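Okay, thanks everyone. I'll go through cysteines, then a helix pair, then some aromatic rings.

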Amino acid sequence: MTSSISDPPLATADPGRHAKLRAVLHAAVAAVGGVERPGQVEMVEAVSDAFSGGEHLLVQAGTGTGKSLGYLVPSLLHDRRVVVATATLNLQHQLVERDIPALLDGAGAVLERTPRAAVVKGRGNYACLHRIREGAPDDQGVLIEAPSGSLGEEVVTLRAWAEEESDRGGVGDRDAAPSHTERAWRQVSVHARECLGASRCPYAMECFAEAARDHAAGADLVVTNHALLAIDAIDGVPMLPEYDTVVIDEAHELVARVTQASTAELAPPSVERAARRARSYVRGREADDLEDASDALREALEVTAPGRIASPSDQLADALSLVRDAARDCHSAMPKEPKDSGDGDAARQQAKAMVDDVRKVAERMAAASEADVLWMAEREGARGGNELRIAPVDVALTLRDKLFAENTVVLTSATLKLGGGFDPVARSVGLWASDRTEEGASGGRGDSGGDDDGDGSPASYAWRAIDVGSPFDYAKQGMLYVARHLPPPGRDGMGAAALDEIVDLVRAAGGRTLGLFSSRRGAEAATEAVRERMPDVEVLCQGDAQLPELARRFVEDPRTCLFGTLSLWQGIDLPGETCQLVIIDRIPFPRPDDPLMSARQRLVERHGGNGFMQVAATHAALLLAQGSGRLIRRADDKGVVAVLDSRLATARYGSFLASSMPPMWRTVDRELVLGALRRLDAGAS
């Protein structure tokens, strides 16, 4: 569902529909114990209008706005099914376990009917009763039947839990399972290609995954994740019930998640494992040929330098062709199960899937398409050494043609405006236009302006963008301090001046610091410096324990510091006095040798664009927006974001990056900031 400048205008707002939306929102907010925000009301009405008019919408909703209800209310009132896709399991869990039930309970008296909601996850997130009851070899070819150390105990516990779930009609969802490791879960689950299918599995009537899909088929609102949406919409593999309206929350992650879902790996151990699995079902030497091909691949990788492979060497190209052809022959040689067979052979199904996966990946790598980026990744300490990886160089056109062309899409996040506008994000997801007009300070509209949008690609679809703001007064609650006096960061790690600055800032804040670093080495150097010079302050460093444990300890003692890398930049919620200082060591540009980012920059430059600004600077702006957003999480939070990279104040691109961050009061005055931190520390409870 799309519109353009030649189409009828977007449907005007319906006062009656808006009144009903506000009534449902009011009841829902009361049910969750929240406070209704003007931005939330604006978002509810804008999302509903987008659904009715069939126009794509981008909504930036700052922290504290209540954006989940901002799209859930119009989604549940829409007259057709809506799919909501999130990037993280945490948000998915929040929607399913808290927000949607509270909304339905609170708004039940206002709604004319009770909508149904369901969650759909990948098949590997559900326990498989066939595997549990019939067994299947694990990665080492050993069937675990009884406790054998901690792994065996975990598997037996998971099996017992799954049987209990089946007896009581439970969901068999991994999130509800007893504590377990990834390896243990693999013993009680299967992926889609390993599944026998409902027509052949003797336990299909009890299948947890099939029950979840049946439930979703009758739901008005389906909650899923970005990856599953990509598989369904882009790859064309039916994973979700029919839909034509989509809400993408955490939309700043969409490109990365879709890219991740389309990334494939190939390494000699995976080829060998597929050959071993196939050997039981192949009478000829096809399995031996596949294992020989894995040796050829290993030899080729040993003489291939890590990093991007713009043009595979003859040896690597020949090895990939060998793997492709051997896997194809091996798969063809494996016997097919009779169509009228009532019993499935799970081990054979799994073996065929593994061999065919190897064939597909090798075929894609051997094709050396300009649409893909191929590189060799170093895997230090990993069994089997390095591996080949391949990913799409760009997903914008794919998203445009497969997602936006077929559906009405609402994208929302706390960080969609980069450099002060929506264009960078709109371009990255495939919503781009050559003819653009602004609709006030908070929004804009993009329309297709012909057959070409200026970079050699087809014109995009109509879209509208709004910023509903935030209930926080960033200018009064926070400072953005740029350490302009420091030398620009170099490649040799954290400099002495930067370490001195960190110690002084932490001392003034009395701890209470979240340190966001661009590398593990930087986080460890800062940790060591603060521990040595401030022994009375506890400093937790990522890697000391699991992240949830570190976050818990950080919150429990406000004078503690937590230093870490990328996983701390987004998604972690630390309100209150425990976090009154956020330190960012340097502008988080992608590494120059990042194969995917460098390929994307070159692609933009080939079309006449600015690769640095559209790729590297946009990437950095998004992370800066997310990282600085860790400071103000509620209305009474106060503090400082300290950026130790002087380029934010001196470089030409600095204003683009700074305007992507929350609108805090900005300064380069070191003494002023230290004084403010001391006052915050003195006033803390």
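So, disulfides first: there are 0 of them in this structure, and keep in mind that we're looking at a predicted model. Why no bond for Cys 128? Well, its closest cysteine sulfur belongs to Cys 201, and that's 6.1 Å off, so too far for a bond, given that a disulfide needs the sulfurs within 2.5 Å. Cys 128 is also buried, at 16% relative accessible area. Then there's Cys 195, which isn't in a disulfide either: the nearest cysteine sulfur is the one in Cys 207, 6.2 Å away.

Okay, helices. Look at helix 1, residues 15–31, and helix 3, residues 67–77: their axes come within 10 Å and cross at roughly 125°. That angle is why we call the two helices oblique to each other. The crossing of helix 1 past helix 3 is right-handed. Who makes the contact? On the helix 1 side you've got Lys 20, Leu 21, Val 24, Leu 25, Ala 28 and Val 29, and on helix 3 it's Leu 69, Val 73, Pro 74 and Leu 77.

Last bit, the aromatics. Searching the whole structure gives 6 aromatic pairs. One of them is Trp 161 with Trp 185, a tilted pair, 6.2 Å between centres and 50° between planes. That pair links distant parts of the chain, 24 residues apart: Trp 161 sits in helix 6, residues 149–168, and Trp 185 in helix 7, residues 182–186. Both tryptophans, Trp 161 and Trp 185, are buried. And further along, ring pairs join Phe 589, Phe 612 and Tyr 653 into a cluster.

That's what I had, thanks.

How values were computed
Residues are numbered from 1 along each chain as its sequence is written. This is a predicted model: local features need pLDDT of at least 70, side-chain atom pairs count only at pLDDT 80 or more; totals for chains, interfaces and linings use all residues. Side-chain values use heavy atoms; hydrogens and water are left out. Rings of Phe, Tyr and Trp (its six-membered ring) pair if their centres lie within 6.5 Å; planes under 30 degrees apart count as stacked, over 60 as edge-to-face and the rest as tilted. Helices (H or I, at least four residues) and strands (E, at least two) are DSSP runs, numbered from the N terminus. Buried means under 20% relative accessible area, exposed over 50%, partly exposed in between (1.4 Å probe, protein chains only). Axes are lines fitted to C-alpha atoms, for helices over the stretch in contact, and angles run from 0 to 180 degrees between N-to-C directions. Angles under 35 degrees count as roughly parallel, over 145 as roughly antiparallel, 65 to 115 as roughly perpendicular and the rest as oblique. A crossing is left-handed if the near helix is turned anticlockwise from the far one by less than a right angle, and right-handed if clockwise. Contact means heavy atoms within 4.5 Å.
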